[in-house]
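Subject: Structure handover

Hello,

Here is the structure for you to look through. My notes follow it.

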Amino acid sequence: MTSCERWTLRTEHTSYTVRLSPDGPWAELDAWGPLGVEDGPSALDWSRRTHFITPADAAPAEYLPQGLRPFTGADLVVGHSGHERGVWWEFAGAEQHADGLRLAFTDHVAGLRTTLCYATVPGTDVILRWTELTCTGDGELRLERFDSGAVNVPVTSGARLTYLTGQWSQEFTRTQLDLRRGTFTMGSVQGVPGHAYAPWLAIQDAALPDDSTAPTYGIALEWPGDWHMTAEAEPGGSVRVRAGRIPHEGAVLLAAGETLVTPRLACAFSPDGLDGLSRLWHRYERRLSGARLQRPRKVLYNSWEATGFDVEAAAQLELAKVAADIGAELFVVDDGWFTGRADDTAGLGDWYPDPAKFPQGFGRFIDDVRALGLGFGLWVEPEAISPDSRLHAEHPDWVYRMEGRPARLIRNQLLLDLGRTDVQDFVIGTLDRLLGEHPVEYLKWDMNRPPTERGRPGAGPADRLDLDAGHVAGYLRVLDHLRAAHPGVTVEGCAGGGGRIEHATIARTDVVWPSDNTAPLDRLSIQYGFLHAHAPHVMSSWVTDAPGVFDPRPRSLAFRFVLAMCGVLGVGADLRSWNSTQRAEAARWIARYKEIRDVVHHGETHLLGTPEDPTCGVQYLDTDGPRTVVAAFSTGRLDGAPLVPGRPARLRLRGLDPAARYRDEETGTFYGGAHLLHYGLPFAWSADHDAQLVVLARR
């Protein structure tokens, strides 16, 4: 084996080539892009003339420890007793198979074997990367940093980073930054990915236009715990991005013979800009859904915004009857159904229906809902516990706490230590009981507080506990049990809105809740950012009466329905206050949604414009049929219409056959494909007409 050995991984449209560096014992990226990009001198190659740094510091390395890469950011930092803090390894061999690659490196002095792992995902252009760290010596190792991998992108004058930012009720705001030199980092230490940043990043050359012609590289970290992504504009004209877990206790101890496996880092390349990259992620998430993708996502009604904690059987049934009349298929009772839950100060942990709220019995209530032709669903928050609950009185040691320190309340609640097996067993038993005793077909899993005093008294020194990984493992174990034991139940992932949305959660749930903010213009921006990273078939979206939190401009009922139809449609308004005209309009929209939801959930998505534009939209192209669905929105001025002459707004569509003809199924208007691609689909907005759903059939 020579130092110039190369390995290439190929997906449907891309290739990823790694080589052993001619300058040291490490692997580095040789080429990544469209198929065939590896045929020629590497665009990431460098002169190997370095000044005041080492060759490893300037290399496009796939993964390097601190000992070999001392200055410009290491992916692995290891402390070990009696030796220097660092790792200096040798190449120990490669194993390549049809859909993967493993490269091993060993440090016999430290007693560490590091294996870089790669896998292609069939039917997608995604390459998964992770690292396996094995302690091969007699003493334990202290892993202070152990990223999943690093991604190198060649740029000419800095990188344009696109990422998703926000806060509670403002998640998934698309944000951009030109990084010419220096370091950019984002992440979370809240025990979940958090509302401030999503574990997703897109990288482009800042010198290229921000359009569908810019080659775009993307990464997403599969980890529902503490995490980081760090981009560094390095000497030599490249940007290197590291991503991985953050150990909550500062380090993870690896005993002799033990192996730590890092979270998977999904990597994707598109030659078609951010819009093209989004479709790669959508295709990947459809694969993560597996056979569950073929199960229609039902139109639900959720009672939270109508009744809050004031859950009472008669009022809930009144809502259910109206929901059934307008075409809903599921009725979900949110927070407030269980014993002691009159507000957010009590009840969590005691998951039994409150007999005072269901005087004829919970079973009779569910039967009455189902008799309306509706499926039945429940909200739960399995990780949460109220201090005055019976569960807390019986098991005070089950909560995160530090001996001798006050227990801090957030939303008047504490958090269960889901890293404990007995706590996991309790949660599994509780969910099995609820789903076994009652015909519940929809479960909304919420989580409304991060861990604060994250300790486990009596379990030994805190720095020897990997509590973050333990909680993640417990969370995933419970979800895996739900999937195996209750495969027919639809599971929704939620954490105070979009606080825990990443690929591990998406692989185990059916839908996720992007934000608690359901106001129309706010939600338009949230969903625009969300669809850059995640697929429509997992995006739960409701029609409500909620006013805007950040943008209070009123929008029509049509706007709210068309917006919610861009994902998985739900309704959360107080239907009792809607008049007959509003209910009839809602019924028409729901009927239309049922006709096109297969295209929305299975088709190829194009984002048309942005919410900052006067007109924007989302296009869904049926890849197996003749239909194209366009959801269009007016967000700007009307330019005097209809009092002065003007032309309709237009959205240029994408992905159509320019030689074909397309018929608007509602109006009967015909358009040439070239017309729709060049001029666009026209929309005549007015004060009363601010959104439109168009279904085009190819003829």
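The charged end of K444 sits over the ring of W513, 4.6 Å from the ring centre. R454 lies over the face of Y400, at 5.4 Å from that ring's centre. (A charge sits over a ring if NZ of Lys or CZ of Arg is within 6 Å of the ring centre and within 35 degrees of the ring normal.)

A word on the source. This is a predicted model: local features need pLDDT of at least 70, side-chain atom pairs count only at pLDDT 80 or more, and totals for chains, interfaces and linings use all residues. Residues are numbered from 1 along each chain as its sequence is written, and side-chain values use heavy atoms, with hydrogens and water left out.

Aromatic pairs

The structure holds 28 aromatic pairs. Rings of Phe, Tyr and Trp (its six-membered ring) pair if their centres lie within 6.5 Å; planes under 30 degrees apart count as stacked, over 60 as edge-to-face and the rest as tilted.

One of the pairs is Y163 with F184. Their ring centres are 4.7 Å apart and their planes meet at 50°, so the pair is tilted. The pair links distant parts of the chain: Y163 is in strand β10 (residues 159-165), F184 in strand β12 (residues 182-188), 21 residues apart. (Helices, H or I of at least four residues, and strands, E of at least two, are DSSP runs numbered from the N terminus.) Y163 is buried, with a relative accessible area of 9%. F184 is buried too, at 12%. (Buried means under 20% relative accessible area, exposed over 50%, partly exposed in between, with a 1.4 Å probe and protein chains only.)

Y217 and F269 make another tilted pair, because their planes stand at 50°, with ring centres 4.9 Å apart. Y217 lies in strand β14 (residues 216-222) and F269 in strand β19 (residues 264-270), so this pair ties together parts that are 52 residues apart in sequence. Both Y217 and F269 are buried.

There is also an aromatic cluster. W337, F338, W351, F358, F362, F365, F376 and W379 form it.

Parallel sheet

Eight strands form an open sheet with parallel pairing. The order is β27-β26-β25-β22-β21-β20-β29-β28. β27 (511-512) and β28 (540-543) stand at the edges. Each has a single partner strand, so one side of each is left without a neighbour in the sheet. (Two strands pair if DSSP finds at least two bridges between them.)

At one edge, strand β26 (residues 490-493) pairs with β27 in the parallel sense over two bridges. G493 has V512 in β27 as its bridge partner. At the other edge, β28 and β29 run parallel, joined by four bridges. S541 is partnered by L569 in β29. Two bridges join strand β20 (residues 300-302) to β29, again in parallel. There, Y301 has V571 as its bridge partner.

Which way do the residues of β29 (residues 568-571) point? V568 and G570 point one way, L569 and V571 the other way, and all are buried.

Antiparallel sheet

A six-stranded open sheet has antiparallel pairing, in the order β30-β31-β32-β37-β34-β35. Its edges are β30 (604-608) and β35 (670-672); each has a single partner strand, so one side of each lacks a neighbour in the sheet. The twist averages 25° from one strand to the next. (Axes are lines fitted to C-alpha atoms, for helices over the stretch in contact, and angles run from 0 to 180 degrees between N-to-C directions.) Strand β34 (residues 661-664) pairs with β35 in the antiparallel sense over three bridges. R661 has G672 in β35 as its bridge partner.

Helix α10

α10 (residues 520-533) has 14 residues and should span 20 Å at 1.5 Å a residue; its end C-alpha atoms are 20 Å apart, which agrees. (The expected span is 1.5 Å times one less than the number of residues.) α10 is mostly covered: 13 of its 14 residues are buried.

Cysteines

How many disulfides does the structure hold? Zero. (A disulfide is a pair of cysteine sulfur atoms within 2.5 Å.) The sulfur of C135 is 17 Å from the closest cysteine sulfur, in C117, which is too far for a bond. For C267 the closest cysteine sulfur is also in C117, at 13 Å, too far for a bond. C135 counts as buried at 2% relative accessibility, and C267 counts as buried at 1%.

Best wishes
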